[in-house]
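User: Could you take me through this model and tell me how each label was earned? I'd like to see the values set against the cut-offs.

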Amino acid sequence: MTEMIGRLHHVILDCPDPAGLASFYCELLGLPVTYSSEDFVVVAADDRSSGVAFQLALGHQPPLWPDPAYPQQAHLDVMVDDKAAADRRVVELGARRLDGGDHVYADPAGHPFCLVDRPAWAAPIGSATASPTATAAAAEAWVAAYRRAWESNDPDEIRSLFTDDAVYSGTPHDPDAWRGAEAIVAGWLSQQDGRGTTTFESTLLGTSGDVAFVQGVSTYPDTCYDNLWVIRLAADGRAREFTEWFVER
């Protein structure tokens with residue numbers, strides 16, 4: 001198998017009414033709309049997942065399968081890290097550049113597809129799925145580094161824990177999540193605990209791919225909290241996503 005060029009992002013259906021067709025598929029699939037404009041609507045598990053998209057096509061003629069005179073109408077979006085580099089490689093594979101769009105191609109059988117920039121939430125293209133052992137070791141190291149930063153409140157130590165586009169959520173689906181390393185540093189420092197005022201004990205509950213689950217107990221002079229952390233790790237060991245639950249005993 002050759003080296004990966006890109007990863008499937010959205011499957012896109014042409015239609016005369018993107019919002020209306022998206023509403024149909026929301027009910028059919030039990031998924032929400034995660035992006036909407038006048039001519040393009042996405043239905044996916046959340047706004048950090050790939051899904052099905054609906055694109056306005058003026059003068060749309062619906063397919064009449066199996067009549068070949070009215071064929072099925074869809075195309076693929078393929079996410080890549082570097083569109084210029086991916087352009088060269090897909091052309092070498094036999095794709096043909098199409099006029100009238102940004103990095104639009106026909107595959108060897110003529111089906112259209114697009115190269116799109118990888119969203120910030122997606123792992124780098126070609127990054128291997130971490131083994132449970134590797135993720136566990138990385139998670140243990142990350143928790144230890146988090147604890148050091150918790151004690152020091154040093155901006156550089158805090159920043160080193162997170163990727164530039166990381167998201168730090170105080171609750172699941174947190175509308176006030178800190179987004180980006182600099183926002184995380186600022187938010188952390190605005191709520192910092194004093195040095196030596198806490199103890200923290202943790203247990204790694206398990207891993208799934210690049211995600212680690214950690215149970216903890218945070219003890220303060222006058223109270224104690226049970227914690228659950230969900231950490232999504234990048235290939236370099238930093239966190240791309242961090243979500244915590246904490247309940248006072």
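**Salt bridges and burial**

Analyst: Let's start with a charged pair: aspartate 210 and arginine 240 join their side chains in a salt bridge, at 3.0 Å from N to O. They come from distant parts of the chain, 30 residues apart, with aspartate 210 in the loop between S11 and S12 and arginine 240 in strand S14. A word on the source: this is a predicted model, where local features need pLDDT of at least 70 and side-chain atom pairs count only at pLDDT 80 or more, while totals for chains, interfaces and linings use all residues. Residues are numbered from 1 along each chain as its sequence is written, and side-chain values use heavy atoms, leaving out hydrogens and water.

User: What makes the contact between aspartate 210 and arginine 240 a salt bridge?

Analyst: The term asks for a side-chain nitrogen of Lys or Arg within 4 Å of a carboxyl oxygen of Asp or Glu. Arginine 240 supplies the nitrogen and aspartate 210 the oxygen, and 3.0 Å is within 4 Å, so the pair counts. By this rule the structure has twelve salt bridges.

User: How do you know that arginine 240 is buried?

Analyst: Buried means under 20% relative accessible area, exposed means over 50%, and partly exposed is in between (1.4 Å probe, protein chains only). Arginine 240 has 8%, so it is buried.

User: Why is arginine 48 called partly exposed?

Analyst: Its relative accessible area is 23%, so arginine 48 falls between the two limits. Arginine 48 also has a salt-bridge partner, glutamate 241, at 2.9 Å from N to O. That pair spans 193 residues, from the loop between strand S3 (40–44) and S4 to strand S14. Both residues belong to a salt-bridge network with Asp210, Arg232 and Arg240.

User: Why does the pair of aspartate 102 and lysine 83 count as a salt bridge?

Analyst: The closest N and O atoms of aspartate 102 and lysine 83 are 3.0 Å apart, so the pair passes the rule. Aspartate 102 is in the loop between S6 and S7 and lysine 83 in helix H2, so parts 19 residues apart in sequence are tied together. Lysine 83 has a relative accessibility of 16% and therefore counts as buried.

**Rings**

User: How many aromatic pairs does the structure hold, and why is the pair of tyrosine 146 and phenylalanine 242 called tilted?

Analyst: There are 20 aromatic pairs. Tyrosine 146 and phenylalanine 242 are one of them, with centres 5.5 Å apart and planes at 35°. The pair connects helix H3 (residues 132–152) with strand S14 (residues 239–248), so it ties together parts 96 residues apart in sequence. Rings of Phe, Tyr and Trp (its six-membered ring) pair if their centres lie within 6.5 Å; planes under 30 degrees apart are stacked, over 60 edge-to-face, and the rest tilted. At 35°, this pair is therefore tilted. Tyrosine 146 and phenylalanine 242 are both buried.

User: What makes tyrosine 168 buried?

Analyst: Its relative accessible area is 6%, so tyrosine 168 is under the limit. Tyrosine 168 also belongs to a ring cluster whose members include Trp150, Trp178 and Phe200.

User: What puts arginine 147 over the face of tryptophan 150?

Analyst: The rule wants NZ of Lys or CZ of Arg within 6 Å of the ring centre and within 35 degrees of the ring normal. Arginine 147 qualifies, at 4.8 Å from the ring centre of tryptophan 150.

**Strands**

User: How do you know that S11 and S12 pair?

Analyst: Two strands pair if DSSP finds at least two bridges between them. S11 (residues 199–208) and S12 (residues 211–219) have nine bridges and run antiparallel, so they pair. Strands here are DSSP runs (E, at least two residues), as are helices (H or I, at least four), numbered from the N terminus. Phenylalanine 200 is bridged to serine 218 in S12. Two residues lie between S11 and S12 in their hairpin, and glycine 209 in the turn has a positive phi of about 60°. S12 also pairs with S13 (residues 224–233), antiparallel and over nine bridges.

User: What makes S2 and S6 edge strands?

Analyst: Eight strands form an open sheet of mixed pairing, in the order S2-S3-S4-S1-S5-S8-S7-S6. Strands S2 (33–36) and S6 (96–97) each have a single partner strand, so one side of each has no neighbour in the sheet.
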